[in-house]
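Me: I would like to go through this model residue by residue and helix by helix. Please keep the answers short and end each one on what I asked for.

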Amino acid sequence: MKTPGRGVPHSVRSLAEASGVSRSQIGRLVKGELADLDVIEAHRVAEALGVAVLVLFMPPVSPKSCHHDAEASPT
């Protein structure tokens with residue numbers, strides 16, 4: 001995994017150990033096979049990463065949603 005909130009890189013194993021959430025659940029989250037955790041587990045993972053819990057489940061920003069088409073804008 002890349003460097004999260006505190007800038008400390010984590011492997012699935014190290015994040016599982018730091019958060020107390022199973023390696024299989026962390027691995028499934030990373031792969032996108034698991035969409036959510038129970039509230040307590042989500043807070044444990046967020047705390048281990050040093051980010052707000054909402055950051056864990058934010059959808060990725062799409063480049064298309066940030067693209068402004070000059071033709072569609074009134075001049």
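Me: Which backbone oxygen lies 2.8 Å from a polar atom of the side chain of serine 19?
Reply: In this predicted model, serine 19 sits in helix α1. A polar atom of its side chain lies 2.8 Å from a backbone oxygen, and that oxygen belongs to leucine 15.

Me: Is serine 19 buried or exposed, and at what relative accessible area?
Reply: The cut-off for buried is under 20% relative accessible area. Serine 19 falls under it and counts as buried, with a relative accessible area of 5%.

Me: Which residues is serine 19 in contact with, leaving aside its neighbours within four places in sequence?
Reply: Serine 19 belongs to α1, and the cover over the buried residues of α1 includes α2 and α3. Isoleucine 26, one of the contacts of serine 19, is placed in α2. With the near neighbours in sequence left aside, the list for serine 19 is Ile26, Arg44, Val45 and Ala48.

Me: Why do the buried residues of α1 lie on the same side of the helix?
Reply: The buried residues of α1 are Leu15, Ala16 and Ser19. They lie on the same side of α1 because around the axis they cover an arc of only 100 degrees.

Me: Is glutamate 17 buried or exposed?
Reply: Glutamate 17 is also found in α1, but it is not in the buried set of Leu15, Ala16 and Ser19. The cut-off for exposed is over 50% relative accessible area. At 61% relative accessibility, glutamate 17 counts as exposed.

Me: What distance separates the C-alpha atoms of glutamate 17 and alanine 48?
Reply: Glutamate 17 is in α1, while alanine 48 is among the buried residues of α3. The two are 31 residues apart along the chain, and their C-alpha atoms are separated by 9.3 Å.

Me: What phi does glycine 20 take, just after α1?
Reply: Glycine 20 comes just after α1, and its phi is positive. Glycine 50, just after α3, likewise has a positive phi of about 80 degrees. For glycine 20 the value is about 80 degrees.

Me: Which residues of α3 are buried, and within what arc do they fall?
Reply: Helix α3 covers residues 39-49, and its buried residues are Glu41, Ala42, Val45, Ala46, Ala48 and Leu49. Seen down the axis they line one face of the helix, because they fall within an arc of 160 degrees.

Me: Which exposed residues does the face of α3 turned away from its buried side carry?
Reply: The buried side of α3 has cover that includes α1, α2 and α4. The face turned away from that side carries exposed residues, namely Val39, Ile40 and Glu47.

Me: Which residue caps the N-terminal end of α3?
Reply: The backbone nitrogen to look at is that of isoleucine 40. A side-chain oxygen lies 3.1 Å from it, and the capping residue is aspartate 38.

Me: Which residues is glutamate 41 in contact with, leaving aside its neighbours within four places in sequence?
Reply: Glutamate 41 is found in α3 and counts as buried at 18% relative accessibility. The C-alpha atoms of glutamate 41 and glutamine 25 are separated by 9.9 Å, with the two residues 16 apart along the chain. Its contacts, apart from those neighbours in sequence, are Val21 and Gln25.

Me: Which helix gives the largest share of the largest nonpolar core?
Reply: The core has 10 residues: Leu15, Ala16, Val21, Ile26, Leu34, Leu37, Ala42, Val45, Ala48 and Leu49. At least two of its residues come from α1, and at least two from α3. The largest share is 4 residues, supplied by α3.

Me: At what relative accessibility does isoleucine 26 count as buried?
Reply: Isoleucine 26 is placed in helix α2 and is part of the largest nonpolar core. Its C-alpha is 9.5 Å from that of serine 11, 15 residues away in sequence. Isoleucine 26 counts as buried at 2%.

Me: Where in the chain is confidence lowest?
Reply: The chain has 5 helices and 0 strands. Its average pLDDT is 80, and 73% of the residues score at least 70. Confidence is highest in α1, with a mean of 95, and lowest, with a mean of 62, in helix α5.

How values were computed
Residues numbered from 1 in each chain as written. Heavy atoms only, no water. Buried < 20%, exposed > 50% of the residue type's maximum accessible area, 1.4 Å probe, protein only. Arc of directions from axis to C-beta. Contact = heavy atoms within 4.5 Å. Polar contact = N/O pair within 3.5 Å; in protein donor to acceptor, adjacent residues only side chain to side chain. Core = buried A, V, L, I, M, F, W, Y, C linked by side-chain atoms within 4.5 Å. pLDDT = per-residue confidence, 0-100.
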